[in-house]
Amino acid sequence: MFKKVFMPLSIVAVLGAGVFTYSSLQHNKPEKTVATSVKPSSGMPVYISEGDYISYSTVDSMENASDLVVVATPKKPFEQRKHVTTYVSDPSGQKFPENSYTLTDVSIKKVLSAKDSSLSKLKSVSVVENIGVIKDNDGINKKLSFEGYEEMSNKSDYILYLTKNDNGTYSITNILNGKFDVKAHTVAPKLAEAQREHASDHTQFEQQVKAKFKKELAEYTN
Amino acid sequence: MKKARNADLSIFIFRGNLMIKSNIKKVIATSLIALTSLTFISSAASAETFTGTIKDGVNRPVWYSSSVGSYGYTGTFDIGRAYWNVDTKANLWKWDQVNNSTDRYYIGTSDGGDLDTLGKTTPYKITSTGAAVLADPNETWNFSVVTLYHDAFQKKRWHGLTYRAMDADEIRKTSAHEVGHSLKMAHNVTMTSLDTVMRQGIYDIPSTKITTYDKNEFVKKWGY
């Protein structure tokens with residue numbers, strides 16, 4: 001009797017719960033579609049997203065928030081790096097990038113500061129750069145930058161303030177103001193308003209950072 | 001004596017001329033400083049909003065993607081809209097359809113990207129073929145795509161002595177910040193006021209009603 005009545009009921013209940021859970025998960029899944037890697041080319045038009053991000057107003061607070069401060073250089077030119085873009089769609093079928101960034105593998109030339117001694121032995125890391133490559137709704141490939149961030153060149157050395165992510169990659173702390181070309185002044189004139197907005201802060205940060213690590217940077221600045 | 005007096009007088013007159021010249025110089029210098037400061041303040045103030053306009057203005061529909069409800073942020077975006085709607089000519093009203101004037105609101109996740117980015121707003125314009133394509137923040141655009149990042153809000157960080165995720169009022173501030181961008185409000189770079197949602201970073205929404213500073217900036221851009 002028990003087996004005949006309760007066993008089938010239990011199976012039905014378990015199956016029902018499974019179907020309910022699955023449908024709930026499906027319902028909660030946003031309309032994010034595909035992660036598309038678009039092949040970049042030189043001279044692509046650059047556009048800017050504005051936004052809200054965690055910023056630091058002093059070099060000390062930026063360093064406290066960072067796991068690692070290094071002198072590093074990208075291993076490959078921008079076009080050959082991994083570009084990640086995910087899209088969402090609207091009811092009209094048009095797609096918009098939800099995330100667009102570049103994973104840049106950098107060779108570490110010198111560790112200037114590390115929160116953990118094990119990090120000071122790193123020779124290379126993967127850095128999330130807040131500029132990606134997208135295919136727009138007119139079919140044209142474009143760069144999409146957050147706040148006017150400009151990608152690192154593989155022909156330059158950079159001082160990078162880095163924060164470790166859970167997936168093992170590193171993000172640039174303070175976004176625009178946590179990356180400094182060792183030799184040049186890094187405020188690029190190209191990215192109009194967004195860069196001008198950050199230009200004054202960037203210059204101040206750059207001067208303070210370069211003064212702080214003057215001795216360590218000497219071999220790269222000559 | 002007379003000569004001396006004349007000499008004194010001439011010295012006085014000379015000094016007087018110097019004083020007058022000096023005063024004129026002071027007046028000119030002061031005026032120039034004042035003019036320069038005024039120009040600086042004026043340009044700084046104008047930097048708090050983007051140039052160009054939004055086709056169909058600030059009385060416009062917004063569409064919430066299903067991600068907004070499924071992640072539980074409907075009320076957050078409602079407050080972000082209400083912040084600008086109350087006491088200004090902005091009227092961002094919810095619509096269940098999209099057209100070329102509809103702002104699109106999404107909740108996203110970082111997908112391996114940067115968890116320090118809390119929200120993004122990207123402007124779009126419509127081409128002659130009807131495609132929505134990226135626009136520059138300073139040109140005339142049709143609509144904005146606004147995204148808030150759920151996992152960036154959930155990430156635990158040190159807030160003074162507590163290690164926690166962002167709370168509701170902090171997330172509401174980011175929502176009002178991004179909705180502000182969709183109305184051509186730019187960042188409060190000059191830090192002339194802390195009474196604004198257009199500062200970067202994590203802090204509570206100053207009020208559910210628009211602050212005096214943000215209202216003034218909005219009025220400068222869009223009028224009463």
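Select A:T102 and then look across to β6(A), where the bridge partner of A:T102 is A:E129. This is a predicted model, and the pairing you have just picked out belongs to a set of six bridges that join β5(A) to strand β6 of chain A, residues 124-129, with the two strands running antiparallel.

**Around β5(A)**

Keep β5(A), residues 95-114, selected, and add strand β3 of chain A, residues 68-74, which is joined to β5(A) by seven bridges and runs antiparallel to it. A good place to see this pairing is A:V69, which stands opposite A:S113 in β5(A).

Next add β4(A), residues 82-89, which pairs with β5(A) in the antiparallel sense over eight bridges. Along that pairing, A:V84 stands opposite A:Y101 of β5(A). If you follow the chain from β4(A) into β5(A), you pass through a hairpin with five residues between the strands, and there A:G93 takes a positive phi near 90°. While the side chains are on display, it helps to remember that in a regular strand they alternate between the two faces of the sheet.

**On to β8(A)**

Now move the selection to β8(A), residues 141-146. Is this strand mostly enclosed by the rest of the structure or mostly open? Five of the six residues of β8(A) are buried, so the strand is largely enclosed by the rest of the structure.

Select strand β7 of chain A, residues 131-135, as well, and you will find that β7(A) and β8(A) pair in the antiparallel sense over five bridges. One pair to display is A:K135 with its bridge partner in β8(A), A:N141. These two strands form a hairpin with five residues between them, and A:G139 in the turn has a positive phi of about 85°.

Another partner of β8(A) is β2(A), and here the sense is parallel, with four bridges joining the strands. To see it, select A:I48, which stands opposite A:S145 in β8(A).

**Across to chain B**

Stay with β2(A), residues 46-53, and bring chain B into view. Four bridges join β2(A) to strand β4 of chain B, residues 117-126, and these strands run antiparallel. Where the two chains meet in this way, A:D52 stands opposite B:G119 in β4(B).

Widen the selection to the whole contact between the chains, which takes 39 residues from chain A and 43 residues from chain B. On the side of chain A that touches chain B, at least two residues each come from α1(A), β2(A), β4(A), β5(A), β8(A) and α3(A). Which of these elements gives the most? It is β2(A), with seven residues. If you colour this side of chain A by class, you should count 14 nonpolar, 15 polar and ten charged residues.

**The nonpolar core**

In soluble globular proteins, nonpolar side chains tend to be buried together. In this model the largest nonpolar core has 79 residues, and those with the most contacts inside it are A:V127, A:L160, A:L162 and B:W84. Centre the view on A:L160 and, leaving aside its neighbours within four places in sequence, display the residues in contact with it: A:V70, A:A72, A:V127, A:I172, A:G178 and A:K179.

**A loop in chain B**

Select B:S207 next, in the loop between α5(B), residues 168-182, and α6(B), residues 212-222. B:S207 counts as partly exposed because it has 14 C-beta neighbours inside 10 Å. Add B:Y83 to the selection: although B:S207 and B:Y83 are 124 residues apart along the chain, their C-alpha atoms are separated by 8.0 Å.

**Stepping back**

Finally, show each chain as a whole. Chain A has four helices and eleven strands, and buried residues make up 40% of its 222 residues. Chain B has six helices and eight strands, and 37% of its 224 residues count as buried. Among the contacts in chain B with a separation of 6 or more, 72% are between residues 24 or more positions apart, and the corresponding share in chain A is 68%.

Before you leave, colour chain A by pLDDT, for which the mean is 84, with 77% of the residues reaching 70 or more. Over residues 22-30 of chain A the pLDDT is below 50, and beyond near neighbours in sequence this stretch has eight contacts in the model. Where pLDDT is low, the predicted coordinates should not be read in detail.

Methods
Residues numbered from 1 in each chain as written. Chains lettered and ligands numbered in written order. Predicted model: local features only at pLDDT ≥ 70, side-chain atom pairs only at ≥ 80, totals over all residues. pLDDT = per-residue confidence, 0-100. Contact = placed C-beta atoms within 7 Å. Buried ≥ 20, exposed ≤ 12 C-beta atoms within 10 Å, placed from the backbone. Nonpolar A, V, L, I, M, F, W, Y, C, P; charged D, E, K, R; others polar. Pairing = 2+ DSSP bridges. Core = buried A, V, L, I, M, F, W, Y, C linked by C-beta atoms within 7 Å.
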